[in-house]
Amino acid sequence: MLRGKRITMTAVALCGALLVTAAASPACAERDPKSTLRIVLAVKQGETKAVTLTCDRAGGDHPAPRAACRLLRQVNGDPAALNVTPGAVCTRELRPHAVVVAGMWRGEPVSFGRVYANACLVHAAGGAVFAL
């Protein structure tokens, strides 16, 4: 049980560090401040991906900007309110994924960070928004 707690605590610390990095990223300030978000996905002992998503005109280097912006519009830009596939059936695999979203949504600051147990739960929660 202690090993599981260590993994979770490490993932939470990683998520916090990424949130600070994403919030301080000059990429957020360089673009239109109305709806520009920096999205970071980090896998424990794996890869880290970071993209910029703009939604006043769907774009940025996000792989699916139109779909992601459509989902964010449904929740008024609040990534915490995303629940794309409620009741998704996922395995109990423990491979923590930290997701961090920071930037501006229609002139309001956005700051979100959460650790999910595995990729299936990330996809169920955020769909196209977290599909990096």
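This report covers the overall make-up of a predicted model, then strand 1 and its charged residues.

**Overall make-up**

The protein has 4 helices and 5 strands. Along the sequence they follow the pattern α-α-β-β-β-α-β-β-α. Of the 132 residues, 42% are buried. The accessible surface comes to about 7500 Å². Carbon and sulfur atoms hold 55% of that surface. Among contacts with a separation of 6 or more, 56% link residues 24 or more positions apart.

**Strand 1**

Strand 1 spans residues 35–43. The strand is mostly covered, with 9 of its 9 residues buried. Ser 35, Leu 37, Ile 39, Leu 41 and Val 43 point one way. Thr 36, Arg 38, Val 40 and Ala 42 point the other way. Both sets are buried.

Two strands pair with strand 1, as the table shows.

| Partner of strand 1 | Residues of partner | Sense | Bridges | Residues standing opposite |
|---|---|---|---|---|
| Strand 2 | 48–54 | antiparallel | 7 bridges | Leu 37 and Leu 53 |
| Strand 4 | 97–105 | antiparallel | 9 bridges | Val 40 and Val 100 |

Strand 1 and strand 2 also form a hairpin. There are 4 residues between the two strands. In the turn, Gln 45 has a positive phi of about 55°.

**Arg 38**

Which polar partner does the side chain of Arg 38 have? The side chain of Thr 52 meets that of Arg 38 in a polar contact of 2.8 Å. Arg 38 sits in strand 1, and Thr 52 falls within the 48–54 range of strand 2.

Arg 38 is buried yet has no salt bridge. The nearest side chain of opposite charge is Asp 61, 4.6 Å away. A salt bridge needs a side-chain nitrogen of Lys or Arg within 4 Å of a carboxyl oxygen of Asp or Glu, so the pair does not qualify.

**The salt bridge**

How many salt bridges does the rule give? The count comes to 1 salt bridge. Its side chains belong to Lys 49 and Glu 47, with an N to O distance of 3.8 Å. That value lies within the 4 Å cut-off. Lys 49 is partly exposed, with a relative accessible area of 31%. Arg 38, by contrast, is buried.

**In short**

Strand 1 is buried along its 9 residues and pairs with strand 4 and strand 2. Its Arg 38 makes a polar contact with Thr 52 but has no salt bridge. The salt bridge joins Lys 49 and Glu 47.

Conventions: Residues numbered from 1 in each chain as written. Predicted model: local features only at pLDDT ≥ 70, side-chain atom pairs only at ≥ 80, totals over all residues. Heavy atoms only, no water. Buried < 20%, exposed > 50% of the residue type's maximum accessible area, 1.4 Å probe, protein only. Lys, Arg positive; Asp, Glu negative; His and termini not counted. Polar contact = N/O pair within 3.5 Å; in protein donor to acceptor, adjacent residues only side chain to side chain. Contact = heavy atoms within 4.5 Å. Areas by Shrake-Rupley, 256 points an atom, 1.4 Å probe, with all protein chains shown as cover. Pairing = 2+ DSSP bridges.
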